[in-house]
Amino acid sequence: MNILVIGAGIIASRIAAMLIEQGHAVTIIDQSEAALDSISLRMDVRTIQGSGISPKVLAEADIANADIVIAATSNDEKNVITCFISKELGAKRTVARIQNPEYPGFFLSPPRSSTGARRIIRPQKIGVDLLVNPEYLAAEHILNTLSSLFVTPVENMADDLVQIAEFTIENEELANVPVRELDFPNPGMIALVARGSEVFVPEKETDLNMGDHLYVISSKKDMGLIGKIFSHQEKPARNVIIAGGSSIGLNVAEGLEKIGSHIKIIEPDKARCMEIAKKLSKTEIVQSEFTSENYLREEGVQSCDAFVAASERDELNILISLLAKKLGTRRSLAVVNSQEYILLAETIGVDIVISPLLLANNAFARFIREPRIRSLVTLASGAAEAIELPIDSETLFLGQTLERIKLPGNVIIGAIVRNGEVIIPKANDTIQNGDRVILVGLKSDILAAEKLF
């Protein structure tokens with residue numbers, strides 16, 4: 001596909017790299033010559049200097065033949081206007097990156113009278129096929145994680161019917177045990193193993209090692225019992241401390257207020273404290289620095305269900321989430337934007353790392369690969385993916401048993417959803433019309449597997 005990316009910042013450049021890796025032709029437009037030069041040195045991409053809202057610049061980029069336009073500058077309004085103009089000039093589909101937490105995916109118009117209803121304005125009406133708000137996606141992901149029974153990253157797919165949970169081998173009784181000897185109380189399977197820098201689909205004879213990260217797939221309702229093999233259960237987090245009154249911290253607090261949790265936000269900036277106090281009625285807001293061990297202890301970090309580090313600085317989030325874990329919090333979560341820091345944070349002991357950029361990339365990737373892909377999540381710090389594919393009457397493997405389907409070496413069919421029920425497949429199971437199939441595997445192989453379907 002011919003894809004036009006507006007912007008040359010961190011998100012835009014990561015999107016471009018992902019698209020090039022998938023074989024798409026990418027053009028990047030930005031007003032900064034230095035930013036374009038930097039991108040040109042790192043990837044095979046066409047660059048045009050100029051504004052994305054200029055019809056002349058868009059015409060130079062062959063906008064009439066663009067399959068997708070992704071407006072990913074740091075200016076929300078410019079991104080929306082770019083999408084509108086691009087659609088008018090012939091672009092087939094458009095995506096706008098949005099930072100304002102007021103815009104999760106649609107716009108609400110004010111009522112025409114005091115008793116009138118507010119009208120929902122879908123972005124398609126203004127030329128935007130998809131709005132992607134990384135901060136909103138991160139807050140949503142954190143809320144889902146805090147409702148989990150385990151201190152572990154979880155991903156939900158197939159309308160929340162299927163769950164993929166990450167567990168670490170920390171029990172010596174599980175070390176050197178082959179996969180085939182694990183006795184799951186409910187249907188489930190180990191789809192992937194991350195061992196150091198290596199990520200692979202395990203065989204039945206693969207021995208588990210101490211420190212291995214396992215990605216287990218099952219029905220969401222069955223994961224509770226399966227997870228007990230690898231980790232002890234925790235109650236869903238109801239006493240939460242949030243370090244940082246960023247838009248992510250604010251959105252998480254708003255979501256927790258709705259379910260009656262006790263929330264405390266610690267924010268050093270007085271003006272920001274006053275701003276978020278106007279939006280949160282049930283949250284305790286404390287103006288203070290949060291880097292002191294004694295102060296965090298005084299605020300009760302050691303007894304809280306979860307500590308969310310959501311400041312604007314990756315390094316600070318990693319350090320204070322580690323400090324909170326040392327003090328005794330049940331779950332430590334850190335918001336990390338830099339992809340280079342994600343694996344580092346996980347390696348040194350942060351329980352759960354939330355990456356707004358990675359979540360945004362997932363949303364972009366799913367949209368670009370629609371309608372083939374219904375849902376998509378990234379696993380193993382971005383090295384692997386799980387994708388949901390719909391099966392119809394034209395699917396190549398219809399009616400074939402799984403043992404006859406030859407997929408790339410590091411891809412498996414982890415689950416089949418049929419009539420609302422989740423099947424963890426065995427070799428003699430078949431794929432039927434109307435099924436939804438969950439493929440799990442390395443990014444480098446899953447694109448090839450996707451094309452087979």
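In the predicted model, 4 cavities of 30 Å³ or more are found. The largest cavity holds about 300 Å³ of space. Its lining comprises 22 residues, and those nearest the centre of the cavity are Glu155, Glu346, Val353, Leu358 and Thr378. Two or more lining residues come from each of strand S9 (154–157), strand S10 (162–168), helix H11 (339–347), strand S19 (352–354), H12 and strand S20 (375–379). By class, the lining of the largest cavity consists of 13 nonpolar, 6 polar and 3 charged residues.

For the second largest cavity, a volume of about 60 Å³ is computed. The residues that line this cavity are Met18, Glu21, Gln22, Arg369, Glu385, Lys443, Ile446 and Leu447. At least two of the lining residues are supplied by H1, and at least two by helix H13 (443–452). The greatest contribution is that of H13, which gives 3 residues to the lining of the second largest cavity. In this lining, 4 residues are charged, 3 are nonpolar and 1 is polar.

Helix packing was examined next. Two packed helices are described by the angle between their axes and the distance between the axes. Helix H1 (residues 10–21) and helix H12 (residues 356–368) have axes that come within 10 Å and cross at roughly 45°. H1 is therefore oblique to H12, since an angle that is neither under 35 degrees, nor over 145, nor from 65 to 115 counts as oblique. The crossing of H1 past H12 is right-handed. On the H1 side, the contact is made by Ile10, Ile11, Arg14, Ile15, Met18 and Leu19. On the H12 side, Leu357, Asn361, Phe364, Ala365 and Ile368 take part. This contact of H1 with H12 contains 9 nonpolar residues, together with 1 polar and 1 charged residue. Met18, a member of the H1 side of this contact, is also one of the residues lining the second largest cavity.

H12 also packs against helix H5 (residues 134–146). The axes of H5 and H12 are 8 Å apart, and the packing angle is about 105°. This angle falls in the range of 65 to 115 degrees, so H5 is roughly perpendicular to H12. From H5, Pro134, Leu137, Ala138 and His141 meet Pro356, Leu359, Ala360 and Ala363 of H12. The residues of the contact of H5 with H12 comprise 7 nonpolar and 1 polar, with no charged residue. H12 thus appears in the contact with H1, in the contact with H5 and among the elements that line the largest cavity.

A further contact of H5 is formed with helix H7 (residues 247–258), where the axes come within 9 Å and cross at roughly 45°. With this angle, H5 is oblique to H7. H5 passes H7 in a crossing that is right-handed. The H5 residues in the contact are Glu135, Tyr136, Ala138, Ala139, Ile142, Leu143 and Leu146. They meet Ser247, Ile248, Asn251, Val252, Gly255 and Leu256 of H7. Divided by class, the contact of H5 with H7 has 9 nonpolar, 3 polar and 1 charged residues. Ala138 of H5 occurs in the contact with H7 and also in the contact with H12.

Terms used: Residues numbered from 1 in each chain as written. Predicted model: local features only at pLDDT ≥ 70, side-chain atom pairs only at ≥ 80, totals over all residues. Heavy atoms only, no water. Axes fitted to C-alpha atoms, helices over the stretch in contact; angles between N-to-C directions. Helix = DSSP H or I, 4+ residues; strand = E, 2+ residues; numbered from the N terminus. Left-handed = near helix turned anticlockwise from the far one by under 90°. Contact = heavy atoms within 4.5 Å. Nonpolar A, V, L, I, M, F, W, Y, C, P; charged D, E, K, R; others polar. 1 Å grid on protein atoms, 1.4 Å probe; cavity = no way out; pocket = protein on both sides within 12 Å on 5 of 7 lines; lining within 4 Å. Points joined across faces, edges and corners; volume = space filled by probe spheres on them.
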